[in-house]
Every structure is written in structure tokens, then in C-alpha cells.
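Below are my notes on this model, set out as numbered points for a colleague who will want to check each one against the coordinates.

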Amino acid sequence: MTVFNPFLLSLLTMNTTLLSSPLQGFTDFRFRNAFHNFFGGIDTFYSPYIRLNGKLIIKGSYERDILPENNTTLEVIPQIITNDAEEFLFVAKYVQEMGYNELNWNLGCPYPMVAKCGMGSGLISNTAQIEHILKRVHNETDIIVSMKMRMGYENPTEILDVFPILDQYPIKNIAIHARIGKQLYKGGVDLDSFQNCLDHTKHKIYYNGDITSVAKFKEMQERFPSITHFMIGRGLIADPFLPSMIKNDIMEYPKNRFQLFEEFHDTIYQQYDAYLTGPTPIRMKMLGFWEYFSESFSNPQKTLKKIKKAGNSKNYESAVKEIFKSEMH
């Protein structure tokens, strides 16, 4: 492994672009705007994917998420998940009418219910269909296409058969999560296979996977010095300070860390509470966030247990106050 001196590493960090990897159910416009306002550090956000399921109709929740008026202070790129050319063309035209000039194609989603339908990471082995869709999209629209991929579903060499097809088209970039679909988020990232990807395509590659700390980021930066774009997914929710700490090349949290975190939490909680109907949806929504948030606290298991035990909004709000208060003293 090449060893970099700290000065060279900090120079590389200055030229680093950080992107927010989309997480379905988490990184919608409410989260993105609050995150950008409180923490910053992310240059470009990708919206969670638009899925049509064979009907050429855009659901209201997808539309709200990418409406320009809901995304005024940040750069957002819409994403689609599909294995159908007509759906891709329909969404491409739709987002262009909204003023977007790029559409990201998700060939990365690892969840079995998606992959078994031949979408997300389940589409990577179907090179003929990938070629058919790209051919039609590039012939029939002028949308810029970028990709978000795993290295395969069953094994990490599947992607190597896709590269010769991708190399025929002006794909803007390919963000690769260094796992296979079958892993979901289990096990480590496969950095040797990721390097193999770099060696087999002419396209610009973004790195994605397990950037959970500044130290981890620097490890990836040392391992892949040619990479300038890094995508952060779950790590950004677990530790919202991480992107700005990477950008500013600092290892220490601000003194008012948990005060800021609490204000951020209260902002998204109030917005989701106003949007969701009934006590159960908001409780489940916030529980999902706390499965990540809790990792930032001194006792993650105890923190999450408190949230799970809060059976109603009043108890939830009290539990949250107590959790943040204990970290501030």
C-alpha cells in the first residue's frame, strides 16, 4: 500500500467531493434540507429512487421529494430504479420538465424483494437489458445518465461484464458500493474487487461503502488515490457531523455537538410529525432513524432501548430529552 504523508492527504481532502447516497425511507427532502442547514459537508444529494411498478404514474411522495421548491438550497440528482426502457424514458422526461438534466440509475439496491424482480443489484447480470435501456435512453433523450451500482448480486465479477456496455455510452459517473447485493450491508467491503472495477473501465468511478469515520475515510483515500468522489450513506445518518469533519480535515467534534444534534432531531421530528398521520407511523419513522442515531451515543444499545420503550409521542419526546441531556453533562 502507498503511504501518504499527512500534508498530501490534507491536499487530497481539499479536492474531495462528498455525495449523499440515497437511503429509501430516510434521505428525503425534509432530512436533506435539515442536514444541509445544520451540518453541511455534502456537495450533492441523490434522492431516494423513483419506482413505477409498470404504471407510468409518479406517486405524490416521489414528486414532493424532487420538487425544485422543496430543494432550493442544495444540489439534488433524482434517481430511478427500473428494468424497463419505457419507465426510464417516462421518468427522464418527467424530471427534465422539472428542470433536472441528470437521472441516476439504481443498479445497487440489495433488498431481495427488489433484486428478485430483476431490479437494483438483481439487474447487473442481465447485460442485454442494460444495453437495451441505455441504447434507447441515449437515442431518444438528451438526459445525462449516471449510475449507482453494486459489484454484482451473486459475485463481484458480474459488474465486469457490464463495463464494456457502459463504455459505449457517455455515462457521467458510476458510483460503486464495494459489496455484492446478497451481502445486503453485512460483512466487510471488498476493496480488491473494487480495485478490479477501477482497472476495467474508462468511466469516472465514485467510491461508496463503510465510510463511518474520518479515519475510515482516510484509509479509503490512501487505498484509492485516484478517487476524488466519495459517497456516504448509512454513516451520514449515524454521524451527521462526519461529512463536514472530513471536508475540514478535523477529528474532533464541536463542543456543542449534542445540542446541534438535538436541534436537528427536533426539526425533522416536527416535520415528519406534521406530515405523517397517527402515532404509529411517526414512532416507526423515528425508530428507524434512531437505529442509526444511537451509534453516536456513548451507550448505543441503552439509547435504542429507551426509544423502543417509548410507546407514545409524549414518552418518546421525554426519552429523547433525557438521552441528549445525559450526553451533554
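**Notes on the predicted model**

1. Pro279 is exposed, its relative accessible area being 57%, and this value should be read with the reminder that the model is a predicted one. The residue belongs to helix α13, which covers residues 279-293. Although Pro279 and Gly311 are 32 residues apart along the chain, their C-alpha atoms are separated by 9.2 Å.

2. The sheet is open and has nine strands, paired in parallel and arranged in the order β3-β2-β1-β9-β8-β7-β6-β5-β4. Strands β3 (76-77) and β4 (79-80) stand at its edges, and because each has a single partner strand, one side of each is left without a neighbour in the sheet. Helix α6 (residues 127-140) packs on this sheet, where it touches β5 (102-107) and β6 (144-150), and the direction of α6 makes about 175° with that of β5.

3. Several of the strand pairings can be followed residue by residue. Strand β7 (residues 174-177) pairs with strand β8 (residues 205-208) in the parallel sense over four bridges, and within this pairing Ala175 has Tyr206 of β8 as its bridge partner. Strands β8 and β9 are likewise parallel, with two bridges between them, and here Asn208 stands opposite Met231 in β9. The connection deserves a look as well, since β8, helix α9 (residues 214-223) and β9 together make a right-handed β-α-β unit.

4. Strand β9 (residues 229-232) also pairs with strand β1 (residues 17-20), in the parallel sense and over four bridges, and Leu18 has Phe230 as its bridge partner in β9. In a regular strand, side chains alternate between the two faces of the sheet. Which residues of β9 lie on each side, and are they buried or exposed? His229 and Met231 are on one side, Phe230 and Ile232 are on the other, and all of them are buried, so that both faces of the strand are covered.

5. Asp28, in the loop between β1 and α2 (29-38), is a residue I would examine with its surroundings. Asp28 counts as buried because its relative accessible area of 15% falls under the 20% limit. The side chains of Asp28 and Tyr272 are joined by a polar contact of 2.6 Å. Once neighbours within four places in sequence are set aside, Asp28 is in contact with Pro48, Asp65 and Tyr272.

6. Why can helix α2 be described as largely enclosed by the rest of the structure? The description holds because seven of its ten residues are buried. The buried residues of α2 are Phe29, Arg30, Phe31, Arg32, Ala34, Phe35 and Phe38, a list that includes two arginines alongside the phenylalanines. The helix is followed by Gly40, whose phi is positive, near 65°.

7. On the cysteines, the structure holds zero disulfides. Cys117 is in no disulfide, and the nearest cysteine sulfur to it, that of Cys109, is 10 Å away; Cys117 is partly exposed, with a relative accessible area of 42%. Cys197 is also in no disulfide, with the sulfur of Cys109 again being the nearest, at 18 Å. Cys197 counts as buried, its relative accessibility being 0%.

Terms used:
Residues numbered from 1 in each chain as written. Predicted model: local features only at pLDDT ≥ 70, side-chain atom pairs only at ≥ 80, totals over all residues. Heavy atoms only, no water. Buried < 20%, exposed > 50% of the residue type's maximum accessible area, 1.4 Å probe, protein only. Pairing = 2+ DSSP bridges. Contact = heavy atoms within 4.5 Å. Axes fitted to C-alpha atoms, helices over the stretch in contact; angles between N-to-C directions. Disulfide = S-S within 2.5 Å. Right-handed = clockwise from strand over helix to strand, strands pointing away. Polar contact = N/O pair within 3.5 Å; in protein donor to acceptor, adjacent residues only side chain to side chain.
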